[in-house]
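Trainee: Please take a close look at the interior of this model. I would like to see what lines the empty space inside, and then how the helices pack.

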Amino acid sequence: MADRPPPTPLVYASSAQSSPSKIGSWISADPGKLGDPLKHNAPLDRKLAVWDNMNRSMLVDLDVFEDEVLWSQDKGPFPEPTERAKRIATEAVQSLFYPDGSATPANNISEDAIAQMIVRKVINRVGLPNKHKAALSQSMTCLTDGSLSKVDAAIYSEDRLPADGRPDWTNMRLFIEFKKGGTRHDPFDDDAADGQAESWAESRKKVRGQLLSYMHDVFLYQHRSGLYSLFINGPEFRAMRWDRSGVLATRATNYAQDPVSLLRVLWAFALFDLVEQGSDPTAILLSPHSAEYKRMDLWAKENKALDMPHMPNSDLSQFFPHTAASGARDPPQARSAPTTQFKAIQPTTPVFEFVRKKFRESLVSDWPRYKLFVGPDGREFLVGKPDFHSKSMFGRGTRGYVALDLRTGELVWLKDSWRPFYVGVEPEGNYLATMAADLKDRLVVPTVIAHGDVGGQCTFASTFTSPKTSRRDTQGGPVCDVRMAGTKRRYEEYVSADTTDAVEDQLLTTKQGLCHLVHYRIAVAEICLPLDEFQCGAQLLKLIENCIATHRDAYEKFGLLHRDISTGNILILPRVFQKNGKATVNWHGLLTDWELAKYVPRDNSRQRVQQSERTGTWPFMSVGYIQNPEWPVVVADDLESFFHVMLYQSVRYLRHSLGSMATDFVKSYFDTFQLRNDGTQLCSNTKIRTVNIGKLEHGGDLLEFFTRKDEVLSPINDFFQEWLALFVERYRTASELGESDVSLESEDEDGFFAGYDDDGNEIPFDPRVATLKVRIIATELQDQVSLPEKLRDHTATLDLFRRYRTTLMWPRMDKVGDQVSKEYDPRPHVIAARSQVESALVQASTEGSGLLKKPRLDPEASIHRDAGAPSARPSGSSASSNRGASRGLCRGASSSRRTARAHRTNPRS
């Protein structure tokens with residue numbers, strides 16, 4: 001690859017207070033965001049992937065790709081294939097497209113015939129450098145790949161070449177997709193007048209979905225900074241380079257007329273070392289015969305002497321016979337660690353049983369295991385299959401692992417991702433270290449073991465600009481892109497640490513680019529349970545209160561705002577709690593994933609934009625944030641997100657009045673969106689109505705939560721109504737409230753308790769408390785003044801939580817099984833909604849609103865492009881050492897280059 005971007009953050013400067021929003025990332029059916037695994041469904045997943053990854057492609061001429069992507073000038077002249085290789089490639093290609101010496105190209109050549117010719121007669125016969133070979137895999141899938149993807153072919157090192165006809169996602173170096181030809185099978189549009197590389201035609205979106213699926217699989221099984229691929233469509237091909245910011249693709253080039261043009265790309269790629277091909281040198285693939293591979297198996301085995309129960313109040317005395325002072329015990333990883341590798345061959349430290357089980361489940365047969373290096377000192381961790389992975393190819397690409405720390409022998413949580421790389425945007429580990437430094441009032445946040453950017457690996461596509469690049473500017477927003485006119489500049493050349501308005505104005509002249517990302521890893525001590533494993537409504541309230549308290553401390557002590565509150569970022573942390581000489585288990589809510597956090601002014605002064613885009617978790621974003629994406633996120637938005645999270649969990653798992661309608665409620669409240677006339681997207685009408693009128697209802701029926709008995713209402717009804725009233729006032733709508741009391745009978749005492757104390761321990765039932773409030777008395781809200789002020793900080797919210805947690809009787813058994821149907825899949829619903837967006841864009845385009853360009857319809861099916869199909873037998877010299885004479889006919893090339901190609905000599909002469 002050409003010269004890599006320097007490991008220096010870019011400058012993003014703008015007069016706006018909020019980064020441009022990426023709507024495609026908002027409306028996401030990614031189950032990882034909600035903690036719910038969905039079965040793979042290739043057609044649905046690929047449609048969603050195409051939508052979420054629109055406007056991530058750049059088209060360049062083949063010569064630009066060769067000069068600026070494949071082969072840097074400091075490596076010398078572009079490598080020429082051997083004369084033997086040129087002859088073999090030319091004969092194989094022309095025997096298929098021009099059989100028996102015909103001067104007219106053959107029509108209706110099948111996809112399989114093209115694949116067989118390229119793989120067997122070209123790649124595997126020309127003798128690519130460094131013993132690279134190709135294998136076909138059109139009809140079989142990888143046994144461990146749940147998506148059942150069947151990539152047509154791939155290039156491997158000869159010693160890793162699969163022989164079973166299945167794709168080997170762990171070892172492939174470059175993948176190849178074949179199509180029979182025609183624009184309808186081409187994922188990109190070279191002729192678009194608006195410069196939009198990605199066509200919206202259904203058949204072409206389908207092909208892009210295939211390519212994105214293959215890319216996702218390679219990045220999931222391997223650890224990479226980038227990946228090359230070939231798309232061969234009849235007589236034309238495109239070379240591509242993918243990374244987490246976008247894809248660089250060549251314009252369609254006719255290799256049937258010039259077979260050497262395709263061979264040159266293959267030859268240069270085969271000369272690359274693994275790092276140049278995109279492999280991550282800080283991830284070492286483990287051999288099943290290695291000691292580290294076997295150590296993982298040993299640590300995964302059940303161990304009754306060390307595996308601790310994790311349920312609340314479990315007795316841990318046998319694991320901690322000598323208790324220390326009262327309070328939560330630090331995880332062993334948080335204490336001082338040795339500086340050398342752990343030598344023991346068996347685990348020695350107690351661990352919660354669910355943690356070891358997670359690690360055991362990650363050691364899937366035939367799934368690759370890696371040793372990852374983290375932090376500036378290269379601390380080593382062993383990982384198997386990720387416990388969580390992002391569905392999106394572009395963006396942060398987060399993967400989470402239960403990992404074995406080779407320095408301590410402990411199981412920890414390791415996150416591998418790509419973070420925005422801009423001046424002023426801190427890595428997550430810095431935020432966590434800052435919060436952990438407060439020893440007086442220690443925040444309960446993940447304990448950093450090691451973290452750091454990975455080997456200076458930055459996205460290449462985000463810094464690539466060339467006069468011959470075709471990339472559509474979708475946002476129209478200002479940005480400083482430090483690579484301009486094909487050059488790279490360090491950000492210090494543009495701006496000092498203190499960005500001035502004058503310099504900022506200079507930066508505003510550049511256009512919006514792809515988000516610039518740097519590879520990042522962080523290992524933390526805590527391994528948690530998902531939020532949906534809470535045991536009852538009162539415990540759910542306590543867990544979320546813990547996280548709001550952490551959110552408050554981060555904001556008030558450090559000016560740090562989380563900005564991505566979701567059910568996947570609120571976890572349950574089982575802790576060893578020591579009191580009165582006894583060690584027991586205590587559950588605490590842990591707010592995680594601070595990677596989108598930001599230091600914000602607390603004096604209402606103007607915020608500064610620091611990166612080119614912002615995303616979040618659509619179902620839990622505040623109504624105000626979605627309606628006004630140009631506004632910066634404030635405390636009130638995150639507090640409202642906490643509300644949506646608690647409502648989501650409650651509707652799914654607490655006993656309530658909706659019954660079988662719970663699925664419809666989740667669908668209409670969390671997974672639905674609306675379109676304005678201008679094409680912008682709003683959250684669902686159900687969500688907007690809730691925060692405006694202050695009532696939880698569905699289809700005209702009030703949503704009410706019950707205890708064990710349907711006639712007894714839970715105190716969570718009161719709680720939701722009073723909490724909701726804070727947001728109602730924000731949205732300037734009054735609510736009407738009534739009041740009612742229900743008496744508790746003596747036989748119900750065992751089914752209720754009086755909430756939780758500040759340490760998370762149950763408060764026993766008090767028989768003197770004989771009533772359970774189920775509605776708020778109207779005057780309690782009517783007398784409150786200036787509620788918006790109560791959303792400027794956390795005081796009112798936390799007071800509300802504490803009051804309900806400590807003064808009312810709560811049912812123990814109000815949690816039931818998941819009330820959302822197991823058959824519910826949000827993907828078809830989201831896809832149907834997105835089709836409305838496309839229709840709106842078509843209408844807006846025809847009416848001249850200038851929103852987005854009109855999606856192009858499917859063209860007539862054809863074998864060759866009208867303008868680019870070979871109409872006569874080509875001429876050219878495969879033996880020529882002249883570089884210009886060996887390039888293919890590329891659509892969009894300059895007229896002078898096309899003229900030069902017209903005078904090539906016959907390759908067979």
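Mentor: The largest cavity holds about 90 Å³ of space. This is a predicted model, and the cavity belongs to a set of 15 cavities of 30 Å³ or more. Its lining consists of Val50, Asn53, Arg56, Ser57, Phe188, Glu198, Arg208, Leu211, Leu212, Trp242, Val247 and Phe394. By class, that lining divides into seven nonpolar, two polar and three charged residues. Among the nonpolar residues are Val50, Phe188, Leu211, Leu212, Trp242, Val247 and Phe394, while the charged ones include Arg56, Glu198 and Arg208. Asn53 and Ser57 count as polar. Helix H6, residues 202-221, gives the largest share of the lining, three residues. Arg208, Leu211 and Leu212 lie in that range.

Now to the helix packing. Helix H12 (residues 537-558) packs against helix H14 (residues 635-653) at an angle of about 165 degrees, and their axes are 11 Å apart. Angles over 145 degrees count as roughly antiparallel, so H12 and H14 are roughly antiparallel to each other. Their crossing is right-handed. On the H12 side the contact involves Leu540, Leu541, Ile544, Cys547, Ile548, His551 and Tyr555. These meet Val635, Asp638, Leu639, Phe642, Val645, Met646, Gln649 and Ser650 of H14. The residues of this contact are 11 nonpolar, three polar and one charged. The charged residue is Asp638 of H14, and the polar ones are His551 of H12 with Gln649 and Ser650 of H14.

A second pair is helix H8 (residues 291-300) with helix H9 (residues 353-362), where the angle is about 140 degrees and the axes lie 9 Å apart. That angle makes H8 oblique to H9. The two helices cross in a left-handed sense. Met296, Trp299 and Ala300 of H8 make the contact with Arg356, Phe359 and Arg360 of H9. This contact has four nonpolar, no polar and two charged residues; the charged ones are Arg356 and Arg360, both in H9.

The last pair is helix H17 (residues 716-730) and helix H20 (residues 795-807), whose axes come within 11 Å and cross at roughly 170 degrees. H17 is therefore roughly antiparallel to H20. From H17, the contact takes in Asp718, Phe719, Glu722, Trp723 and Leu726, and from H20, Thr797, Leu800, Phe801, Arg803 and Tyr804. The classes here are six nonpolar, one polar and three charged. Asp718 and Glu722 of H17 and Arg803 of H20 are the charged residues, and Thr797 of H20 is the polar one.

Technical notes: Residues are numbered from 1 along each chain as its sequence is written. This is a predicted model: local features need pLDDT of at least 70, side-chain atom pairs count only at pLDDT 80 or more; totals for chains, interfaces and linings use all residues. Side-chain values use heavy atoms; hydrogens and water are left out. On a 1 Å grid over the protein atoms alone, a cavity is a set of points where a 1.4 Å probe fits but cannot get out, and a pocket is an open set with protein on both sides within 12 Å along at least five of seven lines; lining residues have an atom within 4 Å of a point. Grid points are joined across faces, edges and corners, and a volume is the space filled by probe spheres set on the points. Helices (H or I, at least four residues) and strands (E, at least two) are DSSP runs, numbered from the N terminus. Axes are lines fitted to C-alpha atoms, for helices over the stretch in contact, and angles run from 0 to 180 degrees between N-to-C directions. Angles under 35 degrees count as roughly parallel, over 145 as roughly antiparallel, 65 to 115 as roughly perpendicular and the rest as oblique. A crossing is left-handed if the near helix is turned anticlockwise from the far one by less than a right angle, and right-handed if clockwise. Contact means heavy atoms within 4.5 Å.
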